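Thank you all for coming; I would like to take a few minutes to walk through one model, beginning with a single residue and working outwards from there. Please have the sequence and the structure open as I talk.

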Amino acid sequence: TLQQHLKSVLVFDGAQAAYYGQAIEKPHIVIVIVNWDSLDSHIKATETPKFAAHGSSFRSKLIKDNGTGTVFHVPFKNNMLDALQPKTSAGTIGDTEIVLAHFQPSPLSQGAKDAILESFSHVEPVLERHGALTSYRNGWALESLDTPLLEKGGEKESGGKCDVYVCLTGWDKMETHVKFMESQDFKDNQHWYMGVEGLRGSEIVHARFYEV
């Protein structure tokens, strides 16, 4: 099972915590997060025969038939709150919005990434004003990922590789998040996200995470 798989990951040095959740809008999508004390610890673990065998078993058992999976790594920064903390009840981590914002051209310069983060930082005080947050983390994925399929001429096509900004925002409950999205405060400040140069597209889902 998924829980057994994640428990076996946590035995490796440097693995601190593991969480899983099902996307509310797309129940066929399961999101897994493993926190490591450093990228080096994670890399060392993946280089062991035990981890390699473990990963092969996981893929064969949990990604069946035409299922696919995407793995990427994010050194999170600008942490207003500890991500995925605290628990709300019985191992539940609350409702979390997961945003993957795709940018081109890839790779972006460090200056371009810093400018994008500076624009996004204007939203952080807005989130704080509305309270009820259980977590907030953001950062850039180390890997370039495929951009979401976009409509063009009545057909869907991929736009190639993108640099991906990842943001996790946890709320005490989904109703609080919906209320924030409907607020005038959010509407007055959403241009800091939507108007950023180079934004190719975004993937946004919501999930209730559980700690292993």
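Let me begin with H42, which has a relative accessible area of 13% and is therefore classed as buried, the cut-off for that class being under 20%. I should say straight away that this is a predicted model, and that every value I quote is computed from it. H42 belongs to helix α2, which covers residues 39-46, and, leaving aside residues up to four places away in sequence, the residues that H42 touches are W36, F51 and H73.

Stepping back to the whole protein, we have 212 residues, of which 39% count as buried, and a secondary structure made up of eight helices and 10 strands. If we take the contacts between residues at least 6 apart in sequence, 78% of them join residues at least 24 apart. The exposed surface comes to about 12,200 Å², with carbon and sulfur atoms supplying 52% of that area.

Turning to the strands, I would pick out β5, residues 133-140, where eight of the eight residues are buried. β5 pairs with β9 in the antiparallel sense, over seven bridges, and within that pairing R137 has L168 of β9 as its bridge partner.

β9 also brings us to a pocket, since β9, residues 161-171, is one of the elements that each supply at least two residues to the lining of the second largest pocket. The others are β4 (92-103), α6 (174-181), α8 (191-194) and β10 (199-211). This pocket holds about 410 Å³ of space and is lined by 21 residues, among which E97, V99, F186, Y193 and I204 lie nearest its centre. What is the make-up of that lining in terms of nonpolar, polar and charged residues? It divides into 16 nonpolar residues, four polar ones and one charged one.

Finally, I would like to look at Q190, which sits in the loop between α7 (184-189) and α8. Is Q190 buried, partly exposed or exposed? Its relative accessibility is 32%, so Q190 counts as partly exposed, given that this class lies between the 20% and 50% limits. Although Q190 and H122 are 68 residues apart along the chain, their C-alpha atoms are separated by 9.6 Å.

With that I will stop, and I am happy to return to any of these regions in the discussion.

Methods. Residues numbered from 1 in each chain as written. Predicted model: local features only at pLDDT ≥ 70, side-chain atom pairs only at ≥ 80, totals over all residues. Heavy atoms only, no water. 1 Å grid on protein atoms, 1.4 Å probe; cavity = no way out; pocket = protein on both sides within 12 Å on 5 of 7 lines; lining within 4 Å. Points joined across faces, edges and corners; volume = space filled by probe spheres on them. Helix = DSSP H or I, 4+ residues; strand = E, 2+ residues; numbered from the N terminus. Nonpolar A, V, L, I, M, F, W, Y, C, P; charged D, E, K, R; others polar. Buried < 20%, exposed > 50% of the residue type's maximum accessible area, 1.4 Å probe, protein only. Contact = heavy atoms within 4.5 Å. Pairing = 2+ DSSP bridges. Areas by Shrake-Rupley, 256 points an atom, 1.4 Å probe, with all protein chains shown as cover.
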